[in-house]
Amino acid sequence: MTKALFLGPRAKVDLARIRASQLADSCKSWAADHPVALHRRVLDYGWYEWYTENQSTVPGAALSILAGEVLYNLRSALDQAAWALIVANGGTPSPRSTYFPIARKPVAWPSMRGKYLKGASESAINMIERWQPVTLNPEHPDRNALALIDELGLIDKHRLLYTSASTLGDVAISLVGESEVSAGRLLEQVERRIDDYLPFTEEQWILRARVIHDDGTRTVDLSFPLDVNVHKIDAVVTFHAPTSDGGRISVVGETFGRMVDHVEAILDDLEPIVAS
């Protein structure tokens, strides 16, 4: 009987994993069908700039729906696990107040454990506390997988997660003519950070470079018309959602697979308590 109590949560996680895999494949397919191109322009003071143009095409609602299904099944698996823990301890769970609490602020946990886990054993409650965002990520609890499941899941109940047109993943480019810059000259270059997952619905500059005379005058040398070789430039689909405090959550498709791993690990820790 006690082992059967976790059949539901396990089935929910299994389905979430299937949907997360479908989501990852769909994101990769969309990005492959919408390759990124770099363009060059000349700026003031001898700078060359390489940039991406705006993309008007955005991923369809199907990707957001898949992401929502992952979130729903993970949240449901956690709530069913909380229900099972109370039943296994001889308690009576409540359809209105029993669920897996997720604390993003330290002050929230004491009231949550007494209200939402009423009837669960002390060992079960202590185990759940170990997995709380405020326990595992005290400096940045909102970045914890449980916090993302909670926040994004609440948003998805009311509206689709916004998908950006495409954002930069890995970029590898090199300057043509770099080896031709002779003595007495200096190549300056500036690369923008590419880990912010900025949407291509906004123009993004990737690299700026120029050649100057290295004689203390820093005079621009325009005799080297620089260009780039693009070795690798990947795009990833990104999901965005506004938060209640006016901020924004941005996650890439592969994050949903890590959420599944996180919840499965929680069930691995909780199931022995149900069976004991």
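Two strands count as paired if DSSP finds at least two bridges between them. The exercises below apply this idea to a predicted model.

**Exercise 1. Determine how strand 3 and strand 8 pair, and which residues stand opposite each other.**

Step 1. Strand 3 covers 162-163, and strand 8 covers residues 238-242.

Step 2. Threonine 163 stands opposite phenylalanine 239 in strand 8, while the bridge partner of tyrosine 162 in strand 8 is histidine 240.

Step 3. The two strands are joined over two bridges in the antiparallel sense, and the definition asks for at least two bridges, so they count as a pair.

**Exercise 2. Work out the order of the open sheet that holds strand 8, and find its edge strands.**

Step 1. Strand 8 also pairs with strand 9, in the antiparallel sense and over five bridges; here the bridge partner of histidine 240 is serine 250 in strand 9.

Step 2. The three strands therefore form an open sheet in the order 3-8-9, with antiparallel pairing.

Step 3. The edge strands are strand 3 and strand 9, each of which pairs on one side only.

Step 4. Strand 8 is mostly covered, with four of its five residues buried, and in the hairpin that strand 8 forms with strand 9, which has five residues between the strands, glycine 246 takes a positive phi near 90°.

**Exercise 3. Follow strand 2 to its partners, and decide whether its residues are buried or exposed.**

Step 1. Strand 1 (residues 38-42) runs antiparallel to strand 2 and is joined to strand 2 by five bridges, with arginine 40 standing opposite tryptophan 50.

Step 2. These two strands form a hairpin with five residues between them, and tyrosine 45 in the turn has a positive phi of about 65°.

Step 3. Five bridges also join strand 2 to strand 6, again in an antiparallel arrangement, and there tryptophan 50 stands opposite leucine 207.

Step 4. Tyr48, Trp50 and Thr52 point one way from strand 2, whereas Glu49 and Tyr51 point the other way, and all are buried.

Step 5. Because five of the five residues of strand 2 (residues 48-52) are buried, this strand is largely enclosed by the rest of the structure.

**Exercise 4. Describe the surroundings of arginine 210, and explain why arginine 210 counts as buried or exposed.**

Step 1. Arginine 210 lies in strand 6, which spans residues 204-213.

Step 2. Its relative accessibility is 12%, and since buried means under 20%, arginine 210 counts as buried.

Step 3. The side chain of arginine 210 makes a polar contact with the side chain of glutamate 188 at 2.8 Å, and the side chain of arginine 210 also reaches the backbone oxygen of tyrosine 45 at 2.9 Å.

Step 4. Leaving aside residues up to four places away in sequence, arginine 210 touches several others, among them Gly46, Trp47, Leu186 and Arg218.

**Exercise 5. Characterise the largest pocket and its lining.**

Step 1. The largest pocket has a volume of about 570 Å³, and among the 20 residues that line this pocket, the closest to its centre are Arg104, Asp142, Arg143, Thr243 and Ile249.

Step 2. Helix 6 (145-156) and strand 9 (248-252) each supply at least two lining residues, and strand 9 gives the most, with four.

Step 3. Sorted by class, the lining of the largest pocket holds eight nonpolar, five polar and seven charged residues.

Methods: Residues are numbered from 1 along each chain as its sequence is written. This is a predicted model: local features need pLDDT of at least 70, side-chain atom pairs count only at pLDDT 80 or more; totals for chains, interfaces and linings use all residues. Side-chain values use heavy atoms; hydrogens and water are left out. On a 1 Å grid over the protein atoms alone, a cavity is a set of points where a 1.4 Å probe fits but cannot get out, and a pocket is an open set with protein on both sides within 12 Å along at least five of seven lines; lining residues have an atom within 4 Å of a point. Grid points are joined across faces, edges and corners, and a volume is the space filled by probe spheres set on the points. Ala, Val, Leu, Ile, Met, Phe, Trp, Tyr, Cys and Pro count as nonpolar, Asp, Glu, Lys and Arg as charged, and the others, Gly among them, as polar. Buried means under 20% relative accessible area, exposed over 50%, partly exposed in between (1.4 Å probe, protein chains only). A polar contact is a pair of N or O atoms within 3.5 Å; within protein, one must be able to donate a hydrogen and the other to accept it, and residues adjacent in sequence count only if both atoms are side-chain atoms. Contact means heavy atoms within 4.5 Å.
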